[in-house]
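This report describes the strand arrangement of one protein model and the helices packed on it. Please consult the sequence and structure shown here.

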Amino acid sequence: MMGVRVPIVLAPMVRVSGWELASQVALGGGLGLIGVGHEGGTGPDKLRAAYEMALDSGAKASSLGFGFTVDFMRKDDRSFKQALELNPKPGVVWLSFGREENMRARIEQVRNAGIKVMTMAHSVGEAVSQHAMGSSAIVLQSGDAGGHGTQIQSDSFTCTVPEFRRHVGKKFPVLAAGGIVAGDGLAAALTVGADGVVVGTRFSVCKEATVPREYKKQIIGCDTHSASLRSGSWDLFADPKYPPHVHARAVSNVVSERFHSPIGSESKPVTQRDEDWFRNGGMETRAVWAGAGVARITKEDSAREAIDSMIEEARSALNQADGALRRII
């Protein structure tokens with residue numbers, strides 16, 4: 001899959017997926033993507049430095065890449081330009097959250113630079129459109145995913161992946177994302193026709209993730225599925241503001257308790273007093289992005305330990321399924 005040995009991709013989470021995490025995922029056999037977002041997220045100087053440090057760690061350029069959020073990028077985004085000019089070229093550039101005309105233009109730029117482009121879609125229709133634009137590989141993300149998404153009626157990848165396969169055949173690279181925190185999720189994705197999975201929440205608590213220890217503790221400390229909430233409250237205080245069709249899933253906290261609004265409904269009003277309360281809240285008001293499987297994460301591993309564990313869990317799940325089918329026969 002995309003030239004890597006292990007069918008696991010690190011989600012390019014801004015301020016989480018730095019060079020240390022990306023390089024360790026790559027050295028563990030997967031595809032390590034550094035989260036850039038846009039020029040304001042990771043400047044071009046930091047991008048080049050991160051890439052060089054990842055290469056110095058022993059990771060191959062073909063197993064590394066960068067992730068960008070298309071609609072947040074400037075037309076002449078310097079970080080994006082820098083990524084396309086790197087030598088050696090990274091294996092992949094990931095593009096997400098782009099309106100059709102913007103996504104088409106960015107896909108063309110990446111392809112013209114001689115780099116493979118991986119795009120994220122939230123529906124089969126969006127995936128079909130990205131395929132027609134020339135995407136090299138497509139990630140189908142479900143509403144179980146932590147962080148941001150665009151799904152109002154969010155279908156599981158167990159439904160969208162096989163449906164998309166009908167449009168692109170067996171050879172085109174398709175990946176699944178959303179709530180995959182253990183090997184049985186990887187096994188499920190492979191059995192419905194995905195070539196691999198994109199993992200975010202599980203890697204965000206790894207030792208190499210660039211987040212505070214308090215952030216990791218909130219994820220590891222979750223003990224119920226309901227601790228991960230998809231809500232319209234997470235971006236009320238965001239700057240810049242996300243488009244209205246984009247919403248998010250995170251660990252429930254004082255912000256969601258106070259401002260939660262169901263997806264698709266009108267957001268609750270925010271006053272200056274609320275703004276001040278939020279800014280002074282520290283970790284108490286910070287969004288901790290986490291997918292629906294967050295309650296299953298119980299410890300802080302290294303990235304390579306997490307990969308090895310997921311592979312063994314996937315083998316166990318597939319063997320168990322095979323045994324169940326053999327008993328039927």
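Two strands count as paired if DSSP finds at least two bridges between them. The model under discussion is predicted.

## Overall sheet

The sheet is open and consists of eight strands in the order 1-9-8-6-5-4-3-2, with parallel pairing. Strand 1 (8-10) and strand 2 (32-37) stand at the edges with a single partner strand each, so one side of each is left without a neighbour in the sheet. On average, neighbouring strands of this sheet are turned by 25° against each other, direction ignored.

## Strand 8 and its partners

Strand 8 (residues 174-177) runs parallel to strand 6 (residues 137-141), and four bridges join them. Leu140 has Ala176 of strand 8 as its bridge partner, while Gln141 stands opposite Ala177.

Strand 8 is also joined by three bridges to strand 9 (residues 196-199), again in parallel. Here Ala176 stands opposite Val197. Between strand 8 and strand 9 the chain passes through helix 7 (residues 183-191), forming a right-handed β-α-β crossover.

## Side chains of strand 8

In a regular strand the side chains alternate between the two faces of the sheet. Val174 and Ala176 point one way from strand 8, whereas Leu175 and Ala177 point the other way. All four of these residues are buried.

## Helices across the strands

Helix 5 (residues 124-133) lies across strand 5 (116-121) and strand 6, and runs at about 160° to strand 5. Helix 6 (residues 157-168) lies across strand 6 and strand 8, at about 165° to strand 8.

Key
Residues are numbered from 1 along each chain as its sequence is written. This is a predicted model: local features need pLDDT of at least 70, side-chain atom pairs count only at pLDDT 80 or more; totals for chains, interfaces and linings use all residues. Side-chain values use heavy atoms; hydrogens and water are left out. Helices (H or I, at least four residues) and strands (E, at least two) are DSSP runs, numbered from the N terminus. Axes are lines fitted to C-alpha atoms, for helices over the stretch in contact, and angles run from 0 to 180 degrees between N-to-C directions. Contact means heavy atoms within 4.5 Å. Buried means under 20% relative accessible area, exposed over 50%, partly exposed in between (1.4 Å probe, protein chains only). A crossover is right-handed if, with the strands pointing away from the viewer, the path from the first strand over the helix to the second runs clockwise.
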